[in-house]
Amino acid sequence: MEKNHHIAFFAEKVYFHHWPPESPKWTESRKEKIEKDINLKKEDKKIIISAKLVQIDNYVFDSVKKIGLTIPQFKRQSTMIFEGHCEDFDAHVHVTTRSEDYLEIFYKLMKWRDEYFPDTPFLDSKN
């Protein structure tokens with residue numbers, strides 16, 4: 001993947017939750033906004049990845065770390081999980097795409113992670 005190359009796709013399911021535990025707690029208005037904008041939104045969410053930034057609809061995450069990528073068994077989908085900072089909050093983010101080209105998206109995400117986050121720890125059941 002060449003520098004400044006973008007990855008763009010739609011995700012059917014995106015979920016943000018407060019993380020890490022020691023970060024400032026979300027206000028009630030923040031929780032409600034994220035629920036409405038992302039967690040409970042039925043429409044696909046647009047994902048744009050550029051260098052070390054991950055944009056999900058109008059939310060732009062920087063300080064991205066602990067990027068996990070997976071293709072769940074027996075499912076035609078790929079999932080990216082990461083921790084990041086956006087605006088004035090920190091979050092743990094789950095992004096799932098079920099598009100027909102989920103394998104190609106997964107491959108691009110692997111190359112992106114290897115290029116921009118070569119030292120990222122892999123997520124496992126302890127993280």
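Q: When do two strands pair?
A: Two strands pair if DSSP finds at least two bridges between them, with strands (E, at least two residues) and helices (H or I, at least four) being DSSP runs numbered from the N terminus. This is a predicted model in which local features need pLDDT of at least 70 and side-chain atom pairs count only at pLDDT 80 or more, whereas totals for chains, interfaces and linings use all residues. Residues are numbered from 1 along each chain as its sequence is written, and side-chain values use heavy atoms, leaving out hydrogens and water.

Q: OK, what order do the strands take in the sheet?
A: The open sheet has seven antiparallel strands in the order β1-β3-β4-β5-β6-β7-β2. β1 (6-11) and β2 (13-18) have a single partner strand each, so one side of each lacks a neighbour in the sheet.

Q: And which residue stands opposite histidine 17?
A: Histidine 17 faces histidine 92 in β7, and β2 pairs with β7 (residues 89-97) in the antiparallel sense over six bridges.

Q: Switching to helices, where does α1 lie?
A: Helix α1 (residues 28-39) lies across β2, β3 (45-50), β4 (53-56), β5 (59-70) and β7.

Q: Which residues of α2 are buried?
A: Tyr102, Ile105, Phe106, Leu109, Trp112, Arg113 and Tyr116 are buried in α2, meaning under 20% relative accessible area with a 1.4 Å probe, protein chains only. They cover an arc of only 125° around the axis, which puts them on the same side of α2; the arc is taken from the directions between the helix axis and the C-beta atoms.

Q: What do they pack against?
A: The buried residues of α2 pack against β1, β3, β4, β5, β6 and β7, where contact means heavy atoms within 4.5 Å.

Key
Axes fitted to C-alpha atoms, helices over the stretch in contact; angles between N-to-C directions. Buried < 20%, exposed > 50% of the residue type's maximum accessible area, 1.4 Å probe, protein only.
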